[in-house]
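This report goes through one protein model, from its salt bridges to its overall layout. Please look over the sequence and the structure before reading on.

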Amino acid sequence: MSTPQAPKLTVQLSLSPTTYSYSNPIPPTLSLSVTSDAKRPITLLTYNTPFHPAFGLTQDCFPIWDLTTDSGVKTTCIRIQRMLLSRARGSDDEQYFLTLPPSEMITVSTRFARGNEDMRPLSRAAAQQEREEAERTGKARRSVFACGVDGLEPGHRYSVSVAKGKLMSVWWVWGTKDDILVDPESQDWGLDNVQAEEAPLEIEGIESVEFEIEI
């Protein structure tokens with residue numbers, strides 16, 4: 001029996017709105033819409049990939065380019081050491097399994113800023129002032145590098161894109177998330193007990209999105 005060809009994914013990146021002011025405590029929403037051309041469902045492991053945008057924002061999955069200065073923006077990257085991912089139903093890791101039904105668009109979204117909703121986005125200058133104050137008082141400091149609109153320059157235009165290599169290397173299998181997950185009491189909870197497909201997914205070209213930070 002021949003092995004089915006690896007699916008082709010159509011991926012669209014969007015940002016809404018595309019103009020942002022630091023007077024607004026609510027950052028734009030970054031979304032990734034994905035459609036599979038497969039004839040049956042596939043499931044992706046989204047950990048450390050753009051398919052989980054909230055996590056991907058701090059994993060070099062969404063590069064930002066300053067169009068005003070024609071230079072790359074250094075973004076926050078958090079290195080995480082952790083145990084083997086679990087496929088136990090109801091575990092924290094269940095969120096990282098994404099099923100794509102045949103020919104159906106699935107959209108995943110996140111705030112285009114730091115994950116802590118209590119941390120309002122600041123301009124680069126304002127963030128620097130906050131860090132200096134935090135050093136004097138001993139309070140927790142935000143990263144010196146940007147994350148979404150947090151830490152950018154007012155009056156500048158930017159573009160955000162998707163790190164395609166992070167998409168191409170994603171772990172995937174045929175079937176749905178329910179086919180992969182096991183009961184919480186199962187001893188067979190490790191992801192290493194599932195044979196992932198070896199053929200890389202085919203990803204069509206993804207256009208970057210331009211946005212502006214108002215003065």
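## A salt bridge at Arg-124

A salt bridge is counted when a side-chain nitrogen of Lys or Arg lies within 4 Å of a carboxyl oxygen of Asp or Glu. In this predicted model, Arg-124 and Glu-153 form such a pair, with their closest N and O atoms 3.5 Å apart. Arg-124 belongs to helix H2 and Glu-153 to the loop between H2 and strand S9 (157–160), so the salt bridge ties together parts that are 29 residues apart in sequence.

The two partners can also be described by their accessibility. Arg-124 counts as exposed, at 51% relative accessibility. Glu-153 has a relative accessible area of 25% and is partly exposed.

## Other salt bridges

The search of the whole structure finds 11 salt bridges. One of them joins the side chains of Glu-94 and Lys-177, at 3.7 Å from N to O. Glu-94 sits in the loop between S6 and strand S7 (97–100), while Lys-177 is in helix H4 (residues 177–180), so this pair ties together parts that are 83 residues apart in sequence. With a relative accessibility of 24%, Lys-177 counts as partly exposed.

Another salt bridge is found between the side chains of Glu-210 and Arg-157, at 3.0 Å from N to O. Here the link runs from strand S12 (residues 209–213), which holds Glu-210, to strand S9, which holds Arg-157, so parts that are 53 residues apart in sequence are tied together. Glu-210 is partly exposed at 43% relative accessibility, and Arg-157 is partly exposed with a relative accessible area of 32%. In addition, a network of salt bridges links Lys-8, Glu-202 and Glu-204.

## Arg-131, a buried charge

Where is Arg-131 placed? Arg-131 is in helix H2, which covers residues 124–137. This residue is buried and has no salt bridge. The nearest side chain of opposite charge is that of Glu-130, 6.4 Å away. A salt bridge requires the nitrogen and the oxygen to be within 4 Å.

Which side chain makes a polar contact with the side chain of Arg-131? The partner is the side chain of Gln-128, at 2.7 Å. Leaving aside neighbours within four places in sequence, Arg-131 is in contact with Arg-141, Arg-142, Ser-143 and Val-144.

## The largest pocket

The largest pocket has a volume of about 280 Å³. Its lining is made up of 17 residues, and those nearest the centre are Val-73, Lys-74, Arg-124, Gly-151 and Glu-153. Arg-124 and Glu-153 are also the partners of a salt bridge.

Strand S6 (71–72) and H2 each supply at least two residues of this lining. H2 gives the most, with 3 residues.

## The protein as a whole

The protein has 4 helices and 12 strands. Its C-alpha trace spans about 60 × 40 × 25 Å along the principal axes. Of the 215 residues in the protein, 44% are buried.

Among contacts with a separation of 6 or more, 78% are between residues 24 or more positions apart. The salt bridge of Glu-94 with Lys-177 joins parts of the protein 83 residues apart, and that of Glu-210 with Arg-157 joins parts 53 residues apart.

How values were computed:
Residues numbered from 1 in each chain as written. Predicted model: local features only at pLDDT ≥ 70, side-chain atom pairs only at ≥ 80, totals over all residues. Heavy atoms only, no water. Buried < 20%, exposed > 50% of the residue type's maximum accessible area, 1.4 Å probe, protein only. Lys, Arg positive; Asp, Glu negative; His and termini not counted. Polar contact = N/O pair within 3.5 Å; in protein donor to acceptor, adjacent residues only side chain to side chain. Contact = heavy atoms within 4.5 Å. 1 Å grid on protein atoms, 1.4 Å probe; cavity = no way out; pocket = protein on both sides within 12 Å on 5 of 7 lines; lining within 4 Å. Points joined across faces, edges and corners; volume = space filled by probe spheres on them.
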